[in-house]
Structures are given as C-alpha cells and as structure tokens.
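Got the viewer open? Let's take a walk through this one, stop by stop, with something to select at each.

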Amino acid sequence: MRLGINLGYWGLGNDADNIAVAQEADRLGYSVCWAAEAYGSDAATVLAYVAAKTERIDVGSAIFQIPARTPTMTAMTAATLDTLSGGRFRLGLGVSGPQVSEGWYGVKFDKPLARTREYVEIIRKAMARERVTHDGANWTLPLPGGPGKALKLTIHPVREHIPLYIAAIGPKNLELTGEIADGWLGIFFAPEQAELSLASVRAGREKAGLTLDGFDVAPNVPIAVAASDGEADLAAAADIFRHYTALYVGGMGSKEQNFYNRIACRMGYEAAAEEVQKLYLSGDKAAAAAAVPQQLIDSTTLVGTRDRIADRLQAYAAAGVTTVNLSPGGFTLDERILALRTAVEALDQAGLA
C-alpha cells in the first residue's frame with residue numbers, strides 16, 4: 001500500500017508550510033501529492049509549482065472541476081503538467097456540486113454521469129493524440145457548419161498513459177468510475193464499511209470486463225498523532241477534524257443537495273447527519289461540530305499513536321485500499337511533519353511498505 005499527501009486548497013495562509021510538507025513527503029518516499037480547487041486557487045498552477053519544488057513525488061489534481069474547463073483544455077493542461085514534471089502528473093476529475101457549477105461557472109448541474117463519461121472520452125482521444133471528433137449531448141467537436149476542423153494535441157506527454165482518477169460519491173458515479181477510470185478518489189471512507197463504495201466500483205470494473213487489479217483505490221484520510229491511545233487523547237486528536245467533518249456533512253451544498261451528508265446517512269448516521277446539517281445551515285457551526293459523532297470521525301480518519309495508526313492501516317489494506325492520501329491535521333508545520341513521518345513508520349510496522 002502506498003501513501004499520498006493532500007495539500008487541499010492553496011492561498012489559506014499556510015502556503016510556505018504546504019511546500020515544506022510536499023518536500024518532506026517527497027523525501028520520505030510518498031507516492032503522490034494532490035492539490036484541490038473550489039472557487040479560490042486553481043489546482044493546475046499549484047501543481048506546477050509543487051512539481052518544480054520536488055524531485056520524485058507525483059503531483060495530482062484532486063480535483064480539476066469538470067464545469068471549469070472544456071475537456072480539450074483539461075487534456076492540454078494534463079499534457080503540459082506531465083511534461084513539466086517529467087512524467088509525474090495524475091489527472092483527478094470531479095463534477096463539483098450544483099452551487100459551484102451553476103453559481104461560479106454558470107454551467108447547469110444536470111446529468112453529471114453523462115457529462116463525466118463524455119468528458120473522459122474526449123480527454124482520452126486528445127491524450128492519445130488522435131484527431132478529436134465528438135458528437136454528444138454536451139460537446140460537439142468540431143462545431144458543425146463552421147471553419148473548425150478536427151485537431152490533435154501538438155505536444156507529447158512524457159507517458160503514453162496519464163493515470164485518470166474520478167472523485168465519486170454516489171453509487172452510480174462510483175460504478176462509472178470503476179468502468180472508465182484508473183482510480184477512485186474517495187472521502188469519508190471507513191474500512192469496515194468499504195463495500196458501501198467498492199461494491200459499485202467493482203460493478204463498474206466488471207461492466208468493462210475488468211477487475212480491481214491495477215485500479216487505484218485512493219481515499220483521502222485525515223491523520224493526527226495522539227499523545228497516547230487513551231480515551232481523552234484520542235478524543236482530542238479527533239476534535240481536530242470536527243469542524244472539517246461538520247463543514248462537509250452540514251454545509252457543503254444545500255439541504256436538498258449535499259452529497260457528503262448522504263454518505264453519512266448511508267453509513268448509518270442519519271439522525272446525526274440531519275442534526276449536523278440543521279445546526280450548520282442555521283449558522284451555529286460550533287454546535288454542528290459538537291454534534292458530529294465521535295465514531296464517524298474515528299472510523300474515517302487515522303488518529304492515535306503509531307501503533308494504533310499501524311493497526312488502522314492494516315484495516316485499510318484489508319478493505320482493498322491501495323493508496324492512502326493523507327491530510328495531516330494540526331495547527332503547526334511540526335505537527336503536520338510528525339504525522340507524515342509517523343505514517344511512514346506505521347506503514348512499515350504494519351508490514352505494508
């Protein structure tokens with residue numbers, strides 16, 4: 001099992017620390033460094049900068065938002081980043097959500113599965129340096145009746161095949177991910193409930209005549225090192241992620257359209273998810289964070305001493321996870337670096353390195 005690092009969003013006041021984290025992950029042998037985008041920093045620029053400041057670690061978009069770019073523009077960006085990084089780029093895609101898609105990009109959030117399938121088809125053609133033609137519900141290339149002609153990418157990526165990941169949550173999107181992608185970027189993944197996600201991914205692989213062999217199951221997992229594995233210290237470490245969990249379960253999207261809230265419901269936290277969302281949307285974020293069940297945090301994060309983290313990593317591996325993308329918690333660079341190093345030691349201790 002491999003380790004990755006997720007830097008999240010850029011421009012939040014910890015940019016220098018993020019570079020130091022990426023460089024330490026590079027030194028420690030981490031597999032990949034991911035960066036995100038919403039409606040602030042864009043991931044492509046960040047990844048180019050990180051690639052220039054590191055030597056071996058892959059850089060990946062987690063995610064490029066599908067409504068933000070045309071598929072051929074995404075192919076150009078992926079090819080450019082792969083070239084600039086010396087063959088270290090991974091392309092992660094996601095449809096975002098209705099508030100960002102329609103409010104920020106002016107793109108109607110409808111038929112996300114069909115849109116994703118078309119998007120990936122066009123990218124695959126472009127990255128293969130074919131002349132791109134496409135006649136679909138969302139894109140037509142070239143436009144008919146005009147001067148446009150079928151074009152092909154003029155540059156050569158370092159690798160013939162750039163790994164393509166999809167961030168998926170719902171069962172149908174998970175199945176599509178298994179069918180058309182090389183990996184899955186998950187969130188709020190609990191090893192004990194892995195089949196809530198992986199059953200659909202596996203169904204998609206089978207639909208394409210494939211198995212999970214070679215497919216990268218790569219959930220994002222927050223991590224915080226605790227002073228001991230006692231109840232109080234574990235609770236203190238989990239508290240680092242309370243506001244993060246409340247934001248996603250309670251505040252990402254509207255009451256009717258919150259995909260992360262639906263994850264919590266599928267995991268068996270229906271009542272708590274409803275309460276967290278009600279409190280968050282009313283403006284009481286502190287109460288929303290307090291209402292997040294301790295077990296939900298503990299099952300979807302790595303908290304504890306190295307021994308406990310090693311045990312949890314074994315559970316992730318047994319569940320079929322192939323890359324654990326860590327989001328180190330803590331308020332200082334030292335705490336984040338400690339988490340990176342502890343994870344490496346725990347992976348070795350668990351016999352998974």
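**Stop one: around helix 9**

Select helix 9 and look at what covers its buried residues: among the elements there are helix 8 (231–239), helix 10 (259–266), helix 11 (270–281), helix 12 (285–290) and helix 13 (294–300). Helices here are DSSP runs of H or I with at least four residues, strands are runs of E with at least two, and both are numbered from the N terminus. Before going further: this is a predicted model, in which local features need pLDDT of at least 70 and side-chain atom pairs count only at pLDDT 80 or more, while totals for chains, interfaces and linings use all residues. Residues are numbered from 1 along each chain as its sequence is written, and side-chain values use heavy atoms, with hydrogens and water left out.

Now show the side of helix 9 (residues 242–251) that is hidden: R242, T245, A246, Y248, V249 and G250 are its buried residues. Buried means under 20% relative accessible area, exposed means over 50%, and partly exposed is in between (1.4 Å probe, protein chains only). Step just past the end of helix 9 and click G253, which has a positive phi of about 95°.

**Stop two: the parallel strands**

Jump to strand 2 (residues 32–35). Which residues lie on its two sides? V32 and W34 are on one, C33 and A35 on the other, and all of them are buried, so both faces of the strand are covered.

Add strand 1 (residues 2–6), which runs parallel to strand 2 and is joined to it by three bridges. Two strands count as paired if DSSP finds at least two bridges between them. For a landmark, G4 sits opposite V32 of strand 2. Follow the chain from strand 1 through helix 1 (residues 15–28) into strand 2, and you trace a right-handed β-α-β crossover. To check the hand yourself, point the strands away from you: right-handed means that the path from the first strand over the helix to the second runs clockwise.

Next, bring in strand 3 (residues 58–61), paired with strand 2 in the parallel sense over four bridges. Here C33 is opposite V59 of strand 3. The connection from strand 2 to strand 3 goes through helix 2 (residues 43–53), and this β-α-β crossover is right-handed.

**Stop three: helix 5**

Select helix 5 and put a ruler on its ends. At 1.5 Å a residue, its 16 residues should span 22 Å, and the end C-alpha atoms are 22 Å apart, which agrees. The expected span is 1.5 Å times one less than the number of residues.

Colour the buried residues of helix 5: R115, T116, E118, Y119, V120, I122, I123, A126 and M127. They pack against helix 3 (71–84), strand 5 (89–94), strand 6 (134–135), strand 7, strand 8 and helix 6. Contact, on this tour, means heavy atoms within 4.5 Å. Just after helix 5, R129 takes a positive phi of about 60°.

**Stop four: salt bridges**

How many salt bridges does a search of the whole structure find? There are 18, each being a side-chain nitrogen of Lys or Arg within 4 Å of a carboxyl oxygen of Asp or Glu.

Start with R117 and E179, whose side chains meet at 3.0 Å, N to O. This salt bridge links distant parts of the chain, 62 residues apart: R117 is in helix 5 (residues 112–127) and E179 in helix 6 (residues 171–180). R117 counts as partly exposed because its relative accessibility is 29%.

Stay on E179, since its side chain also meets that of K207 in a salt bridge (3.8 Å, N to O). K207 belongs to helix 7 (residues 195–207) and is 28 residues from E179. With 56% relative accessibility, K207 counts as exposed.

For one more bridge, select R306 and E345, where the closest N and O atoms are 3.6 Å apart. Then pick R2, D58, R90 and D216, which are linked in a network of salt bridges.

**Last stop: T177**

Go back to helix 6 and click T177. Is T177 buried or exposed? Buried, because its relative accessibility is 0%. Leaving aside neighbours within four places in sequence, T177 is in contact with I166, A168, G183, W184 and F215.
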